[in-house]
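Hi everyone, thanks for having me. Could you pull up the structure on your screens so we can walk through it together?

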Amino acid sequence: MTPAEEFVLTGRIACPDGVLDQGWLSVSGGLITGVGSGPPPSGPRVDLGESLVVPGFVDIHCHGGGGGSFSAADPAEAARAVAAHRGHGTTTLVASLVSDPVPVLTGQLAALAELVEDGELAGVHLEGPFIARSRCGAHDPGALREPDTSTVDTLLDAGRGHVRMVTLAPELAGGIKAVRQFAEAGVIVAVGHTDGVEEQIRPAVEAGATVATHLFNGMRPLHHREPGPIGALLDDDRVTVELICDLVHVHPTVLRLAARHAGPGRTVLITDAMSATDAADGTYRLGRLAVDVRDGVATLADNGALAGSTLTMDTAFRNLVRGAGLDIGEAVRATSGRPAELLGLADEVGALRTGLRADLVVLDDDLRPTGVLRRGEWVRAPGS
């Protein structure tokens with residue numbers, strides 16, 4: 001079907017107010033034109049039986065997939081990554097870049113800006129280079145630096161208005177000033193890869209930081225006498241927390257505790273996926289570092305530290321429900337609704353509501369995708 005065609009889906013429809021067990025959703029011109037329960041309107045119909053229909057997933061933190069890396073600055077590699085995640089239901093995707101020298105980052109930003117302008121990406125996320133060496137994880141220590149006004153301007157200019165988010169450690173010299181500079185430019189500022197204590201984190205939120213990059217991972221741990229970034233960010237109602245829900249980076253009980261405390265208005269699932277996602281085990285690269293992938297777990301070749309994930313958003317959705325025990329509505333908010341709001345796209349995507357884009361995922365009884373619709377076109381036809 002093309003976006004110009006009209007049709008009606010029938011099945012279990014996950015609406016913002018709950019799941020319609022005998023629901024329907026009509027599509028025309030790439031948009032959702034109606035949602036309801038009971039007898040569906042006339043017209044071509046796609047009967048999905050008892051399948052669950054959820055909004056297309058929105059991933060705000062992803063480094064690659066399908067063997068392709070966004071850091072390669074290669075349109076073909078980026079396209080492979082986009083296609084890999086789209087097949088798993090991610091219909092809106094932000095491309096993340098790891099720390100690299102500034103001249104390398106500007107080239108990467110320029111290449112990815114074209115994909116944003118073509119509608120393939122929803123923006124670019126700079127995860128570094130303004131992060132703490134002691135918590136850099138799978139980032140090249142040699143590429144790290146303290147932020148300054150000129151460098152921030154250079155990166156923003158290279159992105160041509162498409163830098164949507166930046167992750168930084170606010171305790172660095174110039175960190176709080178950089179938070180203000182990015183925020184004033186309309187960029188989402190996330191605190192992450194930080195060794196800061198609570199007294200260094202709270203000023204960043206006051207200056208405009210609104211997201212915690214993959215809470216728990218890449219930051220000073222929570223301690224009962226020094227809450228650090230985890231306590232400060234999780235307990236602040238102004239901050240949305242990212243969680244990597246692969247059940248490797250964060251234990252299910254901890255996921256549940258964090259998601260329950262933050263609530264559906266502040267919880268976002270991300271993949272933090274690297275190029276090995278939806279690809280075979282083997283040796284890959286994340287930025288300039290070698291990564292070994294065994295049984296789907298990505299670790300740095302030189303020290304065994306976790307190096308992103310091979311997670312897809314459909315698995316994150318399923319893990320949140322089956323593994324961490326949250327309900328369907330909470331999972332929909334965390335994988336679609338809240339990330340769409342963060343990106344300023346809630347009037348376009350993130351929910352099954354009349355007037356929004358016809359982006360959706362069809363899930364079977366085990367919450368595995370059997371169909372993906374993007375802008376009214378089947379990326380993956382039901383049952384395929």
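Okay, start with the sheet. This is a predicted model, and in it you'll find an open sheet of 8 strands with parallel pairing. Trace the order with me: β5-β8-β9-β10-β11-β12-β13-β14. So what stands at the edges? That's β5 (57–62) and β14 (267–270). Each of those has a single partner strand, so one side of each is left without a neighbour in the sheet. And the sheet isn't flat: ignoring direction, neighbouring strands are turned by 25° against each other on average.

Let's zoom in on one pairing. β12 and β13, which covers residues 240–244, pair in the parallel sense over 2 bridges. If you want a spot to click on, V211 has T240 in β13 as its bridge partner. Now look for helix α7, residues 252–262: this helix lies across β13 and β14, and it runs at about 160° to β13.

Next, helix α4, residues 175–184. Which of its residues are buried? Those are G175, I176, A178, V179, Q181 and F182. And what covers them? The cover includes two helices, α3 (149–158) and α5 (198–207), plus the strands β10 (163–168), β11 (188–191) and β12 (209–212). After α4 comes G186, and its phi is positive, near 85°.

Now over to a charged-looking name, R86, in helix α1 (residues 75–86). Buried or exposed? With a relative accessible area of 12%, R86 is buried, because the cut-off for that is under 20%. Its side chain has a polar contact of 3.3 Å with the side chain of E120. Leaving out residues up to four places away in sequence, R86 touches E120, V372, R374 and V379.

Last stop, the rings. The structure holds 3 aromatic pairs, and I'll show you two, including F7 with W378. Their ring centres are 6.5 Å apart and the planes sit at 35°, so we call this pair tilted. F7 is in strand β1 (residues 7–15) and W378 in strand β20 (residues 377–380), so to speak distant parts of the chain, 371 residues apart. Both F7 and W378 are buried.

The other pair is F57 and F317, with centres 5.8 Å apart and planes at 40°, so that one is tilted too. It links β5 to helix α8 (residues 313–323), with the two positions 260 residues apart in numbering. F57 is buried at a relative accessible area of 0%, and F317 is buried at 0% as well.

That's my tour, thanks for listening!

Technical notes:
Residues numbered from 1 in each chain as written. Predicted model: local features only at pLDDT ≥ 70, side-chain atom pairs only at ≥ 80, totals over all residues. Heavy atoms only, no water. Buried < 20%, exposed > 50% of the residue type's maximum accessible area, 1.4 Å probe, protein only. Helix = DSSP H or I, 4+ residues; strand = E, 2+ residues; numbered from the N terminus. Contact = heavy atoms within 4.5 Å. Pairing = 2+ DSSP bridges. Axes fitted to C-alpha atoms, helices over the stretch in contact; angles between N-to-C directions. Polar contact = N/O pair within 3.5 Å; in protein donor to acceptor, adjacent residues only side chain to side chain. Phe/Tyr/Trp six-rings, centres within 6.5 Å; stacked < 30°, edge-to-face > 60°.
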